[in-house]
Amino acid sequence: MSASAPASTPTDDDARAWSRQAVQRLRQEAARSADTHLLRLEFPGFPGIGFYFKDEAAHPTGSLKHRLARSLFLYALCNGRLHAGQAVVDASSGSTAISEAWFARLLGLPFTAVMPACTSPGKIADVQALGGHCDLVEDPTTVHARAAWHAARGACHLDQFGLAERATDWRGNNNIAESILGQLAQEPDPEPAWIVCGAGTGGTSATIGRYLRYRGLRTRLCVAEPRGRAFAHGWHARYRDAGCSRDTVIEGIGRPRVEPGFLFDVVDEVVEVDDVASIAAAWLLEDLLGRRYGGSSGTNLIACLRLAARMRQRGVRGSIVSLLCDRGERYDQTLFDGAWLAQHGLDPQPQLAALRQVLAAGQWPGDAGA
Ligand SMILES: *Cc1c(COP(=O)(O)O)cnc(C)c1O
């Protein structure tokens with residue numbers, strides 16, 4: 001060994017070899033994965049406005065959290081925080097846990113998801129089917145503390161809420177924004193008027209908002225939020241201690257607190273959506289696209305139609321892009337189940353009829369002349 005070689009023990013070398021191999025496995029997984037489709041829709045009531053939906057349900061683990069989970073594992077590995085055989089933990093309302101369980105299995109690591117007990121049974125089953133363990137807590141506000149408890153006992157905390165905003169390379173590396181804009185390149189309006197997304201960790205909105213500025217685009221970013229939840233309250237007041245004033249049944253978005261990854265300054269507008277409208281819109285997506293998507297995709301669709309109606313009123317043409325965030329089958333026993341909906345006092349039928357009217361007429365009831 002030369003005198004200038006770094007001092008290393010066989011154990012250090014083993015650790016680095018494992019880490020190198022783990023990073024390579026993530027790289028291979030990315031190379032095997034195809035990009036997700038950007039689906040185009042047109043509605044008779046909105047001539048001259050193109051709607052595009054990025055189908056993030058098409059990832060191997062069924063949601064946009066596939067991107068985040070890949071980034072979080074890579075971030076932990078490259079920061080030297082994740083080692084061979086180490087337990088991995090995160091707090092998740094479900095989608096992230098499924099993707100993280102999948103990547104943990106890929107790397108041969110034990111995984112625990114801390115989730116609210118009210119999480120859809122389908123998501124819990126998905127995590128377990130991937131070999132993950134679910135640590136269910138009754139009070140959803142305690143998930144972070146519980147994840148920290150696991151971390152204090154040696155687990156690597158992937159920390160989606162703490163790190164989502166920085167684990168993804170917002171300048172490119174085929175992040176979601178770069179992918180969308182590349183796919184739009186041949187379209188009539190390749191620089192969209194709006195991109196609409198939800199905020200759970202805030203990672204997606206942070207990546208898109210930064211990338212739009214980085215590329216010097218005029219595109220505006222709108223966050224679609226269940227009514228009365230923390231991002232909306234916080235964004236309007238630029239207040240990071242904001243809480244929520246209503247409950248929501250929409251999973252993945254509508255957080256009870258302002259998460260560290262919520263970057264208010266890159267968001268141009270927040271549209272608040274009633275749960276029953278989000279659910280009706282999720283049903284409508286099934287009609288339009290022939291497959292089921294989750295509630296947050298419905299929330300996005302409502303916000304798109306709100307913005308489109310405003311564009312139409314002002315005589316503006318252009319494109320609006322949004323996301324289909326996860327697979328609807330995860331909600332077969334909740335948002336797509338009549339008995340469950342009745343039990344929660346939700347009846348999406350009238351809203352669904354109203355939405356069909358919006359697609360046909362290009363305006364919202366009560367918005368005429370506004
Ligand atoms: C996480 C999530 C979102 C929001 O994405 P973030 O990048 O975490 O803000 C939207 N919909 C679903 C289903 C999600 O799981």
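I'll start in the sheet: A91 has V114 as its bridge partner in β4. Before going on, note that this is a predicted model.

That pair belongs to the contact between β3 and β4, two strands that run parallel and are joined by four bridges. On another side of the story, β3, residues 88-91, also pairs with β6, again in the parallel sense, over two bridges. There, V89 has H157 of β6 as its bridge partner. Put together, the strands form an open sheet of four, in the order β5-β4-β3-β6, with parallel pairing. The edges are β5, residues 133-137, and β6, residues 156-157, each of which pairs on one side only.

Stay with β4 for a moment, residues 111-116. Six of its six residues are buried, so the strand is largely enclosed by the rest of the structure. In a regular strand the side chains alternate between the two faces of the sheet. In β4, F111, A113 and M115 point one way, while T112, V114 and P116 point the other way, and all are buried. V114, then, is the residue I began with, the partner of A91.

Next, the helices. Helix α2 covers residues 65-78, 14 residues in total, and spans 20 Å from its first C-alpha to its last, close to the 20 Å expected at 1.5 Å a residue. How much of α2 is buried? Eleven of the 14 residues are, so the helix is largely enclosed by the rest of the structure. The buried set is K65, H66, R67, L68, A69, R70, S71, L72, F73, A76 and L77. Just after the helix, G80 takes a positive phi of about 70°.

K65 brings us to the ligand. Which residues come nearest to the ligand, of the 15 around it? They are K65, G200, T201, T204 and S296. As for polar contacts, a polar side-chain atom of K65 lies 2.7 Å from an oxygen atom of the ligand. A polar backbone atom of G202 is 2.9 Å from a ligand oxygen. For S95, an N or O atom in the side chain is 3.2 Å from an oxygen atom of the ligand. Taken alone, the ligand exposes 370 Å², and the protein buries 97% of that.

T204, one of those nearest residues, is also among the buried residues of helix α8. Helix α8 runs over residues 203-214; its twelve residues reach 16 Å from first C-alpha to last, close to the 16 Å expected at 1.5 Å a residue. It is mostly covered, with ten of the twelve residues buried. Those are G203, T204, S205, A206, T207, I208, G209, R210, Y211 and L212. What covers them includes α6, α7 (176-183), β7 (194-197), β8 (220-226) and β10 (318-324). After α8 comes G216, whose phi is positive, near 70°.

Last, one residue from α6, a helix in that list of covering elements. E165 sits in α6, residues 160-167. Is E165 buried or exposed? The relative accessible area is 14%, and buried means under 20%, so E165 counts as buried. Leaving out residues up to four places away in sequence, E165 touches G203, A206, R210, P260, G261 and L263. Among these, G203, A206 and R210 are buried residues of α8.

Note on methods:
Residues numbered from 1 in each chain as written. Predicted model: local features only at pLDDT ≥ 70, side-chain atom pairs only at ≥ 80, totals over all residues. Heavy atoms only, no water. Expected span 1.5 Å × (residues − 1). Buried < 20%, exposed > 50% of the residue type's maximum accessible area, 1.4 Å probe, protein only. Contact = heavy atoms within 4.5 Å. Near = heavy atom within 4 Å. Polar contact = N/O pair within 3.5 Å; in protein donor to acceptor, adjacent residues only side chain to side chain. Areas by Shrake-Rupley, 256 points an atom, 1.4 Å probe, with all protein chains shown as cover. Pairing = 2+ DSSP bridges.
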